[in-house]
Amino acid sequence: MNISLLDYGAGNVRSVRNAIRRLGYEIHDITRPEEIESADKVIFPGVGSFGLVMDRLREKGYAEPLRRRILADKPLLGICVALQALYEGSEESPGVAGLGILSGQVVRFAERGLAIPQIGWNGTRLLRHSATFAGYQDEKLYFVHSYHGQVAETNAEWLLAVSDYGTEFVAAVERGNVTACQFHPEKSGAAGLNLLGNFLAKPPQATQGEVIQISQLHTPTQMAKRIIACLDVRSNDQGDLVVTKGDQYDVRQEGEVRNLGKPVQLAQRYYEEGADEITFLNITGFRQYPLQDLPMLEVLQRTSENVFVPLTIGGGIRELRDPSGKVWTALDVASAYFRSGADKVSIGSDAVYTVEEFLRSGSATGTSSIEQISRVYGAQAVVISVDPRRVYVHRPEDTAHATIATRFPGPEGQRYCWYQCTVKGGREGRDVDVVQLVRCCQDLGAGEILLNCIDRDGTNNGFDLELISQVKGATSLPVIASSGAGKAEHFVEVFEETGADAALAAGIFHRQEVAIAAVKDAVAGAGIEVR
Ligand code: 1PR
């Protein structure tokens, strides 16, 4: 059977490729328009913005053959933006025509106090029988998007599954042998692999899909709070790449870099134990690396062969100059990571410098790493990793920065503090506070905040709830709470008290003090949705 992948150069298709291989199939890459119609099965992955996808399809002469293939009812599976491309157009890219198979426009999620993009694991309600969903047991699936198809009678013969996120939206469509899903099966763990496997295995059918009645009565699906395992990676003094862990960012113990395991193996273990996402931080990434020698590329390539949940990579995402003098843009660096299997990149120091420049000049340059990467890969692929540290003051008037009244007074009894952003792994404080940073990065096109806290890192004293609440109040982006987790109850606390969208830990997982399953049990026990 000829299974063909429509790689039109828009982003990370390695995960789709790896998932298909894991299921035991060979994949052929479509390189000519005529192959779209001749393949037995086509997988149409979607990464990037609606406009970018449609432009690429048209440039390559793929749009018309794709339309013909769909109208001829030949097997095809579209993923994420590929589902959206079936519509007539999208609010994301006004004036750009879609394939026009489904009627109507793709619309943006309205901000009803919900973080946008929707990033994470949501339930889906299957509206009718589908061989693609055989064996599906209501597991949550991984979504990441700011725009969605609306549930409308006009597309009733296509509707297959819906989900809720403030509003009901289209989670999957299917007619005959053509299926498209808004979620990412290749990133949805075992449940997603099962769906992908069903699509690949099922024989083409002559029957058309039935038209269903859209019921208004249902219990809305719920997004899960994500539990993320974080691996800080660096070379130790022997030159081996190891997972390490700092104590307020100091990773050395008795002069040696702490060695808590091997990155690829540890990531695999966390996937098997139920982590909803894995984050790698190359903690020496602020140092100079030529692009050929980015140590995390191979880690990602190997990890993505066996780990089917989202992977984020941070550390060193910025412009680089290699020893020959050649300059690599932040977009080149990010692209290398995406091609190696990353779903998101996280930007630390460079985000702070960008915001400083923005505050100084009062306008965006259009060339910052955030803007460059977001434009091509979408906001959801750009995470800002914040490394803040408390600065205490006696009165809010003592600083121009955004202060909070704290329950934990400073060394001189100061009752207020602000959170100062740092660069170079906390080594250098800058004149930017977390509120300025997250607001500005959101405006520049970032899609998520990874909120560390130097004061709490490695302490096991619990997350800094005051910091997280301040940042949640300053942005509508999803916020990942990080630093300080010491026991399962800390995760309950952070979700209940701050509204964080995800919580991340490192030390307790690496040292096997608390299992991911125990965290999920505690969070679920408190009535909070988990996967
Ligand atoms: O500035 O873009 O090159 O990115 C560098 C990245 O490396 C940033 O994301 C920064 O947070 C990270 N980093 C740099 N130095 C360190 C260090 O520890 N010396 N690690 C470092 C950051 C914090 C979290 C940690 C949580 C949870 N580590 O990643 O995993 O605090 O830990 P815990 O659960 O054990 O408390 P750039």
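User: Before we look at Asn460, what counts as a helix or a strand here?

Analyst: Helices and strands are DSSP runs, at least four residues for a helix and at least two for a strand, and they are numbered from the N terminus. The model is predicted. In it, Asn460 falls in the loop that links β28 (448–451) to α13 (465–474).

User: What is phi of Asn460?

Analyst: Phi of Asn460 is near 65°, which is a positive value in a residue other than glycine.

User: Is Asn460 buried, partly exposed or exposed?

Analyst: Buried means under 20% relative accessible area and exposed means over 50%, with partly exposed in between. Asn460 has a relative accessible area of 29%, so this residue is partly exposed.

User: Which other residue that is not glycine has a positive phi?

Analyst: Lys424 is one of them, with phi near 55°. Lys424 sits in the loop between β26 (416–423) and β27 (428–433). Lys424 is classed as partly exposed because its relative accessible area is 32%. For a glycine case, look just after α7, where Gly274 has a positive phi of about 105°.

User: Back to the loop before α13. Why does Asp464 count as buried?

Analyst: The relative accessibility of Asp464 is 2%, so the residue counts as buried. Asp464 also belongs to the loop between β28 and α13.

User: What does the side chain of Asp464 contact?

Analyst: A polar contact is a pair of N or O atoms within 3.5 Å. The Asp464 side chain makes one with the side chain of Tyr419, at 2.9 Å. In addition, the Asp464 side chain reaches the backbone nitrogen of Glu466 at 3.2 Å. That second approach is made by a side-chain oxygen of Asp464 at the start of α13.

User: Why is α13 described as largely enclosed?

Analyst: Seven of its ten residues are buried, so α13 is largely enclosed by the rest of the structure. The buried ones are Leu465, Glu466, Leu467, Ile468, Gln470, Val471 and Ala474.

User: How many residues of α7 are buried?

Analyst: Helix α7 spans residues 263–272, and seven of the ten are buried, which leaves the helix mostly covered. Its buried residues are Pro263, Val264, Leu266, Ala267, Arg269, Tyr270 and Tyr271.

User: Now the ligand. How many residues surround the ligand, and which are the closest?

Analyst: A residue belongs to the surroundings if one of its heavy atoms lies within 4 Å. By that test 25 residues surround the ligand, the closest being Ser349, Ser385, Asp387, Asp457 and Ser483. The shell divides into eight nonpolar residues, 13 polar ones and four charged ones.

User: Which N or O atom of Ala506 lies 2.9 Å from the ligand, backbone or side chain?

Analyst: It is a backbone N or O atom of Ala506, and its partner is an oxygen atom of the ligand. Side chains take part elsewhere: a polar side-chain atom of Lys245 is 3.4 Å from a ligand oxygen, and an N or O atom in the side chain of Asn452 is also 3.4 Å from an oxygen of the ligand.

User: How much of the ligand does the protein bury?

Analyst: On its own the ligand exposes 770 Å², and the protein buries 98% of that. The space that the ligand takes is the largest pocket. The elements giving two or more residues to the shell around the ligand are β14 (226–235) and β30 (502–505).

User: Where is the cis peptide bond of Pro117?

Analyst: The bond joins Ile116 and Pro117, with omega about 5°. Pro117 is placed in the loop between β6 (105–108) and β7 (118–122).

User: How far apart in sequence and in space are Val479 and Gly499?

Analyst: Sequence separation and spatial distance are read as two separate values. For Val479 and Gly499 they are 20 residues and 8.6 Å, C-alpha to C-alpha. Val479 is part of strand β29 (residues 479–482), and with a relative accessibility of 0% Val479 counts as buried.

User: What are the two values for Lys202 and Ser369?

Analyst: Lys202 and Ser369 are 167 residues apart in sequence and 43 Å apart in space, again C-alpha to C-alpha. Lys202 is in the loop between α6 (189–201) and β14. At 13% relative accessibility, Lys202 counts as buried.

Definitions and conventions:
Residues numbered from 1 in each chain as written. Predicted model: local features only at pLDDT ≥ 70, side-chain atom pairs only at ≥ 80, totals over all residues. Heavy atoms only, no water. Buried < 20%, exposed > 50% of the residue type's maximum accessible area, 1.4 Å probe, protein only. Polar contact = N/O pair within 3.5 Å; in protein donor to acceptor, adjacent residues only side chain to side chain. Areas by Shrake-Rupley, 256 points an atom, 1.4 Å probe, with all protein chains shown as cover. 1 Å grid on protein atoms, 1.4 Å probe; cavity = no way out; pocket = protein on both sides within 12 Å on 5 of 7 lines; lining within 4 Å. Sits in = over half its atoms within 2 Å of the grid points. Nonpolar A, V, L, I, M, F, W, Y, C, P; charged D, E, K, R; others polar.
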